[in-house]
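Hello,

Here is the structure I promised to pass on. Please open it first, then read my notes below.

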Amino acid sequence: MIINHLIKNNILPYKIRHLIKDQYGLLHSTELLLSIMLLLFIIAAIANLSDSLNEKILSEEEFNTLETIAIESSDYLLNNPGNPENWEDDDGLNNGIVSNNIIPGLAVKKKKVENGEFYSESESDEMIMSNSISYNKLMKVKNNYDVLIERNLLNGSYQSSMAIYPLKSKIGPFVMGNLDDNVNDNDIAVVNRTVKCDYYSSFVLYDFNDFELIGDDVDGDEICNHDTNPDLTNHTNDERSLWLCKNFRIYKKSLEDYDYYLISDESVKSSNSYWILESLNRTNDDKERLNQEVIDLNPFFINDMENSSEDIYSIHFNVDKNHINDFKTVLVAIPKNMTNELISNGELKYDYFKVQDVNFIMKMSYD
Ligand SMILES: [Zn+2]
C-alpha cells in the first residue's frame with residue numbers, strides 16, 4: 001500500500017520505480033539489493049516521522065498540574081512519618097502483601113538507644129524530624145514501590161521514580177521506581193530537595209568521635225578504671241596522644257538479638273590508634289593496634305559472659321593527636337535479622353552509620 005502510494009505520487013526515485021514496474025527485466029543483484037535498502041530506508045524514515053508526530057507534548061497547564069502534584073507528593077513524603085504509625089514494620093511488606101491503608105511517609109521519628117535496647121522516645125508530632133528521612137522506610141518503599149507509591153500515594157495515574165544521592169560520602173546512590181525510559185524529558189516533573197538520611201545511625205551505641213577538645217585535652221567526665229586501679233597503666237593524656245574511654249553495660253540476652261560491631265572508617269588504618277576492650281572484672285592492659293574496619297565483638301562478649309547474665313565493659317582508645325581526624329569509630333548493635341542483609345549489600349561500613357546529607361530526587365510523569 002505504501003509502495004503504491006509512493007509510486008502514484010512519484011515519490012520513489014526513478015530507479016526503484018523502474019525496477020518495480022519492469023518485473024521481467026534483467027536485474028543486477030547488487031542494484032536490486034541497493035534499491036531494496038534504499039526503499040527500506042525511506043519506509044523507516046516515514047515510520048519514524050509519523051511516530052514523532054504522534055508523541056504527546058504536555059500543554060503548559062498539564063505540566064504545571066503534574067509539577068504541583070510532584071512537589072506536594074515529595075513534601076508529603078519528606079515531612080510525614082506515614083500512616084498507620086510504624087507502617088514500615090508491617091510484615092506484609094516483606095512478602096509483597098501491601099494493604100491499601102498504608103500511605104507511606106519517610107520522615108524520621110527520634111529514637112533513643114540505651115544498653116543496646118531501642119525504644120521510641122515519644123509518639124507525639126513534635127518528635128518528627130522534618131526533612132530527615134528514614135533509610136529503613138526507603139528500603140520498604142523500594143521493595144513495594146508500585147503499590148506503596150504509585151497505587152496508594154498517587155492513585156495509579158502517574159509513573160515515578162525516587163532516589164537519594166549522598167553529597168559527601170563514599171556510599172553510592174539509592175534508586176527506585178518505574179519511570180519509563182521512553183517518556184520525553186520535557187514531560188517529566190523533577191523535584192530536588194536536600195535532606196538528611198539516617199541510614200543505620202539508630203544502631204549506633206557510641207560514637208567515639210563525639211568528643212570535644214578543650215585546648216589539647218578531651219572535655220568529658222567519663223571515669224576510666226585504669227586511672228583508679230594501681231595495677232593498670234594510667235590513661236592520662238600525654239603530649240602525643242589522647243585516651244578516649246567509655247563504660248557500658250551489655251546483657252547476655254541482648255546477644256541473642258543483636259550483633260555488636262566496632263566499625264571504623266578505612267582512614268583508621270593510618271590514624272595510629274590503639275584499643276583495649278575489657279570487662280571491669282577481668283581487666284586488660286594490653287593495647288592493640290586498631291587497623292580493621294569491621295570487628296565482630298559478639299564472640300568476645302559471649303565468651304566473657306559464660307557465667308553471668310550481664311556485665312559492665314569498658315573500651316579505651318589511644319589516639320595519636322596528629323591523626324585525630326583519621327580516627328572515626330562507632331560501636332553498633334545491629335538487629336540480628338538484618339545483619340546478613342547489611343553484609344550482602346556491602347553496607348557494613350562506617351558511612352552507613354552516620355546521618356548523611358543527601359539530595360532527594362523525585363521524578364514524575366503521567367502514566
Ligand atoms: Zn581508659
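**What I found**

Start with helix 3, which spans residues 29-54 and holds Leu40. Keep in mind that this is a predicted model.

Is Leu40 buried or exposed? Exposed means over 50% relative accessible area. Leu40 has 53% relative accessibility, so it counts as exposed. Leu40 also has company: together with Leu32 and Ile36, it makes up a nonpolar patch on the surface. The accessible area of the three together is about 250 Å².

Now look inside. The largest nonpolar core has 50 residues. Which of them touch the most other members? They are Ile164 and Phe353. Helix 4, residues 60-79, gives the most to this core: five residues. The core also draws on two domains, with at least three residues from each. These are domain 2 (60-200 + 356-366) and domain 3 (203-346).

Next, the sheet. Four strands form an open sheet in the order 13-18-15-16, and the pairing is antiparallel. Why do strands 13 and 16 each have one side without a neighbour in the sheet? Strand 13 (241-251) and strand 16 (288-289) stand at the edges, and each has a single partner strand, so one side of each is left free of a neighbour there.

Last, zoom in on one pair in that sheet. Strand 15 covers residues 274-279, and strand 18 covers residues 310-320. The two run antiparallel and are joined by six bridges. To find your place, look for Trp275, which stands opposite Phe317 in strand 18.

Best wishes

Terms used:
Residues numbered from 1 in each chain as written. Predicted model: local features only at pLDDT ≥ 70, side-chain atom pairs only at ≥ 80, totals over all residues. Heavy atoms only, no water. Pairing = 2+ DSSP bridges. Patch = residues over 30% accessible without salt bridge, like charges linked within 9 Å, V, L, I, M, F, W, Y side chains within 5 Å. Areas by Shrake-Rupley, 256 points an atom, 1.4 Å probe, with all protein chains shown as cover. Salt bridge = Lys/Arg side-chain N within 4 Å of Asp/Glu carboxyl O. Buried < 20%, exposed > 50% of the residue type's maximum accessible area, 1.4 Å probe, protein only. Core = buried A, V, L, I, M, F, W, Y, C linked by side-chain atoms within 4.5 Å. Domains from an automatic or database assignment.
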